[in-house]
Amino acid sequence: MKTVCYFILLCLSMWQTLNAQEILPKREFRGAWIQMINGQFQGMSRDAMQANLTNQLNVMHRCGVNTVIFQVRGEADALYCSPFEPWSRFLTGQQGKAPSPYWDPLQWMVDECHKRGMELHAWINPFRAKTKGTRELAITHPYVLHPERFFEYDGLYIFDPGLHENRKYICHIAADIVRRYDVDGLHIDDYFYPYPVAGVSIPDQKTFEAHRNGIDNIADWRRYNVNVFIEMLHDSIRAVKPWVKFGVSPFGIYHNAKAGTNLPGSNTGGLQNYDDLYADVLYWINKGWVDYTVPQLYWEIGHRTADYEELVKWWSRFAGGRPLVIGQDIERTVRAADLKNPNVNQMDAKFRLQRSLRGIQGSCLWYSAALVRNEGNYANALCQKYHRAPALQPLFPFIDNEAPGKPRKVKAMWMPDGYYLFWTAPKGKREMDRARNYVVYRFAKGERIDLYNTERIVAITPQTLLKLPYQGGHEKYTYVVTALDRLQNESKGKKVNVKL
């Protein structure tokens, strides 16, 4: 009997150990949003803002974040040097005023993310042209130049999506960003037609009458306008740089089942993409117009009208045809008690759901500042458990599925400041064939070479060298270096044995 009990306890102990250190996915989108429209950078000096962003990037990098979604256009303005729209007041305090001393935040962020092996996705708000808090527009602002192309709604100015010239203009802005900056993605958020306000109608009846395109129902017409825009934006990005990913982060509810119709709906209540924002997200995914989708599932598990578990399962079922990434709210997650164990928060339960459901390929954190201040111990938990090893990006085979050649001439050499691993980039004729980053794995003597074991990744780097942790040369290790192209297709490995 004692032997049986001991065996049961041993099995339980082993299960708990395996559960605590579950196998991590090798590929996972691990994103975080950095927004500017909350005013966190407004009026900061260049040095102060760069120090702030450097700290955010360092913390995110330590926490395993591999994708930074950086807001650069919030109200037809720019957190970059735009030839078409004015500098943002959320940067300098006054719309149209250039930063002094001059610098370009987007270019700076591209450089800083890439040297850490992280992707940078430029985040724009497509249709909003003025927020409620903006009191003065620059003389170069699109509304000042063409007020007839906008409508006002509850203190906002909105590019009228029913006008072809507006859709074309916004695509032109996005293409300009993609053309001039080495961004890895172009990202738009959930503002299409404005969020509805009770008793306030969208003033687009005249546009509907003039440009209805044979559509009799104004709701269908609005969805048509947004559909046309999404297709145009996708094609605009592809035409400039085919490797740049186009991502959308819609509101978390597509359609409520109780609202009726033949649409797939979730057992939820509240605002709806399809019905209220005129955003037919599933249609875009099925047409192949978006490369990844990040529904904003900011509610807690067990929420009365928008249960996280209901929604994450719904999105997994209906939107997994393209990489699906779950938008997570850090603050709400750590403040909500786990329904099965009230002594802990819901972080673990949400990660279990995310990693167990079909089609879900990662998460994106709202928002970076909450992560940096380690709200509810979230950052520590990422470092110690959920992101304890690096991850490559999900594959995007519908864009490119050919791996680059493997690195060449991998060897260890002494330099004046230490022992280094060096390698040479593989040859590549086209941009999408060239190596962009490298993955370095380390295996102990006698250990099987397993490139699916993310725990053996010691670096994901754009450089062709890595300083080794030399400690007297008594231990033997095998290092393996692989190459990643712009879509993170991975080459075969090139190995070398070293003594550390």
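**Pockets, odd backbone spots and cysteines**

Student: How much space lies in the second largest pocket?
Tutor: About 330 Å³. A pocket here is an open set of points on a 1 Å grid over the protein atoms alone, where a 1.4 Å probe fits, with protein on both sides within 12 Å along at least five of seven lines. Volume is the space filled by probe spheres set on those points, joined across faces, edges and corners.

Student: Which residues are closest to its centre?
Tutor: Asp-190, Tyr-191, Gln-296, Tyr-298 and Trp-366, out of 17 that line the second largest pocket. Lining means having an atom within 4 Å of a point. Keep in mind that this is a predicted model, where local features need pLDDT of at least 70, side-chain atom pairs count only at 80 or more, and totals for chains, interfaces and linings use all residues. Numbering runs from 1 along each chain as its sequence is written, and side-chain values use heavy atoms, without hydrogens or water.

Student: And what volume does the largest pocket have?
Tutor: About 450 Å³. Its lining takes in 26 residues, and the closest to the centre are His-61, Arg-116, Pro-390, Ala-459 and Ile-460.

Student: Which elements give two or more residues to that lining?
Tutor: α2 (46-62), β15 (457-461) and β16 (465-467). β15 gives the most, with four residues. Helices (H or I, at least four residues) and strands (E, at least two) are DSSP runs numbered from the N terminus.

Student: Switching topic, which peptide bonds are cis?
Tutor: Ser-100 to Pro-101 is cis, with omega near 0°, and Pro-101 lies in the loop between α3 (89-92) and α4 (105-115). Trp-366 to Tyr-367 is cis too, with omega near 5°. Trp-366 was in the list for the second largest pocket, and Tyr-367 lies in the loop between β11 (360-366) and α14 (368-372).

Student: What about Ala-76, buried or exposed?
Tutor: Ala-76 is buried, at 0% relative accessible area. Buried means under 20%, exposed over 50% and partly exposed in between, with a 1.4 Å probe and protein chains only. Phi of Ala-76 is near 55°, a positive value in a residue other than glycine. Asn-374 also has phi near 55°, but Asn-374 is partly exposed at 24%, in the loop between α14 and α15 (378-386).

Student: How many disulfides are there?
Tutor: Zero in the whole structure, counting pairs of cysteine sulfur atoms within 2.5 Å.

Student: Why no bond for Cys-364?
Tutor: Because the closest cysteine sulfur, in Cys-113, is 12 Å away, too far for a bond. Cys-364 is buried at 0%, and Cys-171 counts as buried at 3%.
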